[in-house]
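Student: Could you give me a close look at one part of this model, the surroundings of its opening helical segment? I'd like to see how it fits into the contacts of the whole chain.

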Amino acid sequence: MDEEFVMISALSHYMYCQRRCALVHIEQAWVENVFTAEGRIMHDKAHEENFEIRKNIKIERGIPLRSNELGLNGKADVVEFHKDEFDKWIPFPVEYKRGKSKSDNSDKVQLCAQALCLEEILNVKIPCGALFYGQTKRREDVNFDESLRIETKETIKKVYELVMTKITPKAEYSKKCKECSLLEICLPKTFEKRTTVANYLKDIIKSSECE
Ligand code: SF4
């Protein structure tokens, strides 16, 4: 059943590069670089303490998330619960990122996906959350408005369709490849003509057998 669920982390991979999403979620490939290592350390720290209470804010960390309706699962770094004027605790997801605010919506879509899971689990409307960026040490509020919700649901659908095809898109070399941790196994310049790492390895084995 869970094989048909999209992981929340796949959404930002997809928005960064469809091939990257396929390499991770179809071919199960992963390579750590300095950027992913910094991001992982930030996430681990965010998940360390489980529960704390501040005035009118409760904080929980590392919460498992799931939406049966959207076919989505994952984990929230931090969920704050803010007490409203009716004494009701409203969830406020906070996602930690190593870098700085991006020009695309990938981080917002990932955060919104967390909110959609929490809404289904807790049967509550979540109006906003926040992204915390390690490089700038800035926390930016994100409103879960209708257009972000639509973009998030469309991205979930596209990721699902990509993963179900089990076909890795061809590489297209661009400047973002330089920061991609998968550069050395993706080999975007080499793979402009081939689709999968597996096929590439098969070609290498075949040519060595012929020698
Ligand atoms: S190296 Fe470039 S083409 Fe390959 S997965 Fe990364 S961003 Fe995509």
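Tutor: Of the contacts in the chain with a separation of 6 or more, 60% are between residues 24 or more positions apart, a contact being heavy atoms within 4.5 Å. Before we zoom in, please keep in mind that this is a predicted model, where local features need pLDDT of at least 70, side-chain atom pairs count only at pLDDT 80 or more, and totals for chains, interfaces and linings use all residues. Residues are numbered from 1 along each chain as its sequence is written, and side-chain values use heavy atoms, with hydrogens and water left out.

The chain holds seven helices and seven strands; these are DSSP runs numbered from the N terminus, H or I over at least four residues for helices and E over at least two for strands. Read from the N terminus, the order is β-α-α-α-β-β-β-β-α-β-β-α-α-α. Of its 211 residues, 42% are buried, where buried means under 20% relative accessible area, exposed means over 50%, and partly exposed is in between (1.4 Å probe, protein chains only). About 12600 Å² of the chain is exposed, and carbon and sulfur atoms supply 52% of that area, as computed by the Shrake-Rupley method with a 1.4 Å probe.

Now to the part you asked for. Helix α1 spans residues 8–16, and I8, A10, L11, S12, H13 and Y14 are its buried residues. Their cover includes two strands and a helix from the early and middle chain, β1 (6–7), β3 (57–67) and α2 (18–25). It also includes β4, α4 (106–122) and α5 (146–165). Let's follow three of these helices, α2, α5 and α4, one residue at a time.

From α2, take H25. With a relative accessible area of 16%, H25 is buried. Leaving out residues up to four places away in sequence, H25 touches A10 and H13, both of them buried residues of α1. M7, S9 and V163 are also touched by H25.

From α5, take K158, which counts as partly exposed because its relative accessibility is 44%. The C-alpha atoms of K158 and Y14 are 8.7 Å apart, with their positions 144 residues apart in sequence. Y14 is, again, one of the buried residues of α1.

From α4, L118 is the residue to look at. L118 counts as buried because its relative accessibility is 3%. Beyond neighbours up to four places away in sequence, L118 touches L65, V79, P93, N123 and I126. L118 and A76 are 42 residues apart along the chain, and 9.4 Å separates their C-alpha atoms. Another pair of this kind starts in the loop between β5 and α4, where R98 lies. R98 is partly exposed at 26% relative accessibility, and its C-alpha is 9.0 Å from that of I41, 57 residues away along the chain.

If you trace strand β4 (72–83) to its end, you come to the loop that leads to β5 (89–97), where D87 is found. Most residues other than glycine have a negative phi. D87, not a glycine, has a positive phi of about 65°, and it counts as exposed at 56% relative accessibility. K88 lies in that loop between β4 and β5 too. K88 is partly exposed, with a relative accessible area of 45%, and apart from neighbours within four places it is in contact with H82, K83 and V124. A positive phi also turns up at K137, where it is near 55°. K137 sits in the loop between β6 (128–133) and β7 (138–143) and is exposed, with a relative accessible area of 62%.

Finally, let's return to the helix and look at the ligand. Y16, a residue within α1 (8–16), is among those surrounding the ligand, meaning that a heavy atom lies within 4 Å of it. The others are C17, R20, E172, C177, C180, L183, C186 and P188. This shell divides into seven nonpolar residues, two charged and no polar; Tyr, Cys, Leu and Pro count among the nonpolar, Arg and Glu among the charged. The space that the ligand takes up is the largest cavity, a cavity being a set of points on a 1 Å grid over the protein atoms alone where a 1.4 Å probe fits but cannot get out. A molecule sits there if more than half of its atoms lie within 2 Å of the grid points.

Technical notes: On a 1 Å grid over the protein atoms alone, a cavity is a set of points where a 1.4 Å probe fits but cannot get out, and a pocket is an open set with protein on both sides within 12 Å along at least five of seven lines; lining residues have an atom within 4 Å of a point.
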